[in-house]
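Here are some notes for a colleague who is meeting this structure for the first time. Please read them with the sequence and the model side by side.

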Amino acid sequence: MIKKCSLILLLSGITMCPPALRADDKIWTFDDCVEWATTTNTAIRRTMLNIQTARQDYLSAKDAWLPTVGFTTNQNLTNYPSPGAGRSGNSYGSTYNIGASWTVWEGNVRKYRQESAKILEQQQSLAGDDVVKTLKLGILEAYLNIMYASEAVSIAEQTLQVSTAQAERALKLTESGRSSQVDYAQIESQRAQDAYNLTQAKSNYESAKMALKKILELGIDYNLQVADVTFPDSEVLAPLPDRLEVYNTASAWLPTIKSNELSKEIYANDVKIAKAGNLPNIALQGGLSTGYNSGGAGWASQMGHNFNENLGLSLSIPIYDGNSTKRAVAKARIAEQEYDIAKKELLDNLSQTIESLYIDATNAKARYNAGISQLNAVKLTDDLVNRQFELGYVNPLDLLTAHNNLLNARLELLQTKYMAILAEKTIQYYATQEVEINN
């Protein structure tokens, strides 16, 4: 098993768990895949950096409440080419100043910017949750594709065994004179086709594993082996939860929707910040300074006598700014309408997604249920035709038709089975935020 790691710590960027699964660990369960991806995936790591950056932006907005303090000095040397009587041709002067300033009030701009920066930090965390959601659903589809491809290989192997036995039987009938070379050639051609189908099925299986390896970001030399999963008919045909309840639940927890709700507060703060352009600004300044000029008393004496302290309060009142504040407020209010547009778009997309999942799941379950009966009927027909073929009562065309009908029925049932499972598991994730696959 992969070592446990807190997703909260992961997404906050505080720490990251080192990969615990080594190359000699051969069997991956679905939970292993999810845990590995959420601790090593590049998109997750990039999200961690974005969260850390957003944290620094919030701290910068918080630091805007602090005063600024600085030290300045000025050193001057003046040359007089034609100095007057009793005056030196060169003069040296210096000043030293420590100044501090602090904005007392500026229309609460710092407050609104700090609130928005905190919300942006939360949105980055939600973006990380959305990456995890995408990863889980991607792993679910890739994992089920491997299970589907694995069962398709089994079907292809069983089909090849049957066609091989039929070809051997046809050869014996031909050698005994009870069948023609043409009949044998037709059945042997089917055996060759089934052998090709097995090769193709194995190739599809390897491609499905490669897709999962890509999501897990495993090396090219890693031999990925996944744990087999058995889905009984009771699970495939299980009733679906109420559609409206799933929609309401998903709309309450989906990261993109929650992030958009937070955007509403940011837009409101942007309007307040824009309005602050009409409000006065109050600032406090203070400083310590001294200086020295050559030609007078000594340096220490001047530095002491010239030392001074100053404290001031400034008030700035905007009277007319060329309508720049008015335009800024108007633009902020226009941007505020983006919340309603984005909300409707997100909810519409969610509604369409869930609706589509329910249609896929319902159709797949119905087809699977019908496919079971169809497979039983086709299998019965195939068994009867095979027995008649062994007795020499049917021609190769009837045998091959029954053979291919059985193969197609098995593959169609397999396809509808995994279509139903994928849709059902995806619905389960939207309803519970979790996906369960019992190995």
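1. Does N323 count as buried, partly exposed or exposed? The structure is a predicted model, and in it N323 counts as partly exposed because its relative accessibility is 30%, a value that lies between the 20% under which a residue is buried and the 50% over which it is exposed.

2. The backbone of N323 also deserves a careful look, since N323 is not a glycine and yet has a positive phi of about 65 degrees. Most residues other than glycine have a negative phi. N323 sits in the loop that runs between β6 (308-316) and α10 (324-336).

3. A second asparagine should be checked in the same manner: N108, although not a glycine, has a positive phi of about 65 degrees, and N108 lies in the loop between β3 (90-105) and α4 (109-175). With a relative accessibility of 25%, N108 counts as partly exposed.

4. On the surface, W102, V104, W105, L279, L284, L311 and L313 make a nonpolar patch of about 650 Å². The elements that give two or more residues to this patch are β3 and β6, and the largest share, 3 residues, comes from β3.

5. Among the residues of the patch, W102 can be followed individually: W102 belongs to strand β3, and W102 counts as partly exposed because its relative accessibility is 34%, which is also over the 30% that a residue needs to be part of a patch.

How values were computed:
Residues are numbered from 1 along each chain as its sequence is written. This is a predicted model: local features need pLDDT of at least 70, side-chain atom pairs count only at pLDDT 80 or more; totals for chains, interfaces and linings use all residues. Side-chain values use heavy atoms; hydrogens and water are left out. Helices (H or I, at least four residues) and strands (E, at least two) are DSSP runs, numbered from the N terminus. Buried means under 20% relative accessible area, exposed over 50%, partly exposed in between (1.4 Å probe, protein chains only). Patches are made of residues with over 30% relative accessible area and no salt bridge: like charges are joined within 9 Å, nonpolar side chains (Val, Leu, Ile, Met, Phe, Trp, Tyr) within 5 Å. Accessible areas come from the Shrake-Rupley method with a 1.4 Å probe; for residues, only the protein chains shown count as cover. A salt bridge is a side-chain nitrogen of Lys or Arg within 4 Å of a carboxyl oxygen of Asp or Glu.
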